[in-house]
Amino acid sequence: YLRDNDEELQPLRFLFVPYRPSTLYFESFEMYRRISFIGLLPLLSSHPDRRATIGVFLSLCSLELFRNFEPFMSESTNLLAYIAQYAVLLTFVAALVLNAGIADGGCHH
């Protein structure tokens, strides 16, 4: 790829080497995704069940993006990223179940 031979890009290679050339922007998406989960999600609602619901929605969106784009050069890295997205989704689903009281057989709002 041309990007691999450009000497001016050498200091920035760590940002794009893992990604296919068609998905160079994915590192930016990944940064915003992380900021959304860590910084934005706690600010959206003071209710844990609402935060968990929003987390499930955001997790489903990012899971779908990872599945559709397969941004990494390595298929094993794409698979690992996809599995990691499922882990995030299951974490939010578990939080939703616990906060909604479904695990206790009732609702304790």
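This report walks through the helices, aromatic rings and nonpolar cores of a predicted model.

Because the model is predicted, local features need pLDDT of at least 70 and side-chain atom pairs count only at pLDDT 80 or more, while totals for chains, interfaces and linings use all residues. Residues are numbered from 1 along each chain as its sequence is written, and side-chain values use heavy atoms, with hydrogens and water left out.

**Helix α5**

A good place to start is α5, a helix of residues 75-100. Helices here are DSSP runs of H or I with at least four residues, strands are runs of E with at least two, and both are numbered from the N terminus. With 26 residues, α5 reaches 37 Å from its first C-alpha to its last, close to the 38 Å expected at 1.5 Å a residue; the expected span is 1.5 Å times one less than the number of residues. Just after α5, G101 takes a positive phi of about 80 degrees.

Which residues of α5 are buried? They are N78, A81, Q85, L89, F92 and A100. Buried means under 20% relative accessible area, exposed means over 50%, and partly exposed lies in between, using a 1.4 Å probe and protein chains only. The cover over the buried residues of α5 includes α3 and α4. Q85 gives a closer view: it counts as buried at 4% relative accessibility. Leaving aside neighbours within four places in sequence, Q85 is in contact (heavy atoms within 4.5 Å) with R33, S62, L63 and F66.

**Nonpolar cores**

A nonpolar core is a set of buried Ala, Val, Leu, Ile, Met, Phe, Trp, Tyr and Cys residues joined through side-chain atoms within 4.5 Å. The largest one has six residues: F37, L41, V56, L63, L89 and F92. Helices α3, α4 and α5 each supply at least two residues of this core. A second, separate core of five residues includes Y19, F66, F72 and A81. Returning to L41, its contacts are S36, R51, I54, G55, L58 and F92, not counting residues up to four places away in sequence.

**Aromatic pairs**

The structure holds 10 aromatic pairs. Rings of Phe, Tyr and Trp (its six-membered ring) pair if their centres lie within 6.5 Å; planes under 30 degrees apart count as stacked, over 60 as edge-to-face and the rest as tilted. Here are two of the pairs.

| Pair | Type | Centre to centre | Between the planes |
|---|---|---|---|
| F26 and F69 | tilted | 6.2 Å | 55 degrees |
| Y82 and Y86 | edge-to-face | 5.3 Å | 80 degrees |

The pair of F26 and F69 links distant parts of the chain, 43 residues apart: F26 sits in helix α3 (residues 26-44) and F69 in helix α4 (residues 48-69). F26 is buried, at 2% relative accessible area, whereas F69 is partly exposed at 35%.

Y82 and Y86 are four residues apart in α5, so about one helical turn separates them. Y82 is partly exposed at 22%, and Y86 is partly exposed at 36%.

Ring pairs also link Y19, Y25, F26, F29, F66, F69 and F72 into a cluster.

**Around D4**

Finally, D4 lies in helix α1 (residues 2-5). D4 is partly exposed, with a relative accessible area of 29%. Neighbours within four places in sequence aside, D4 is in contact with Q10 and R13. The C-alpha atoms of D4 and F16 are separated by 9.7 Å, with the two residues 12 apart along the chain.
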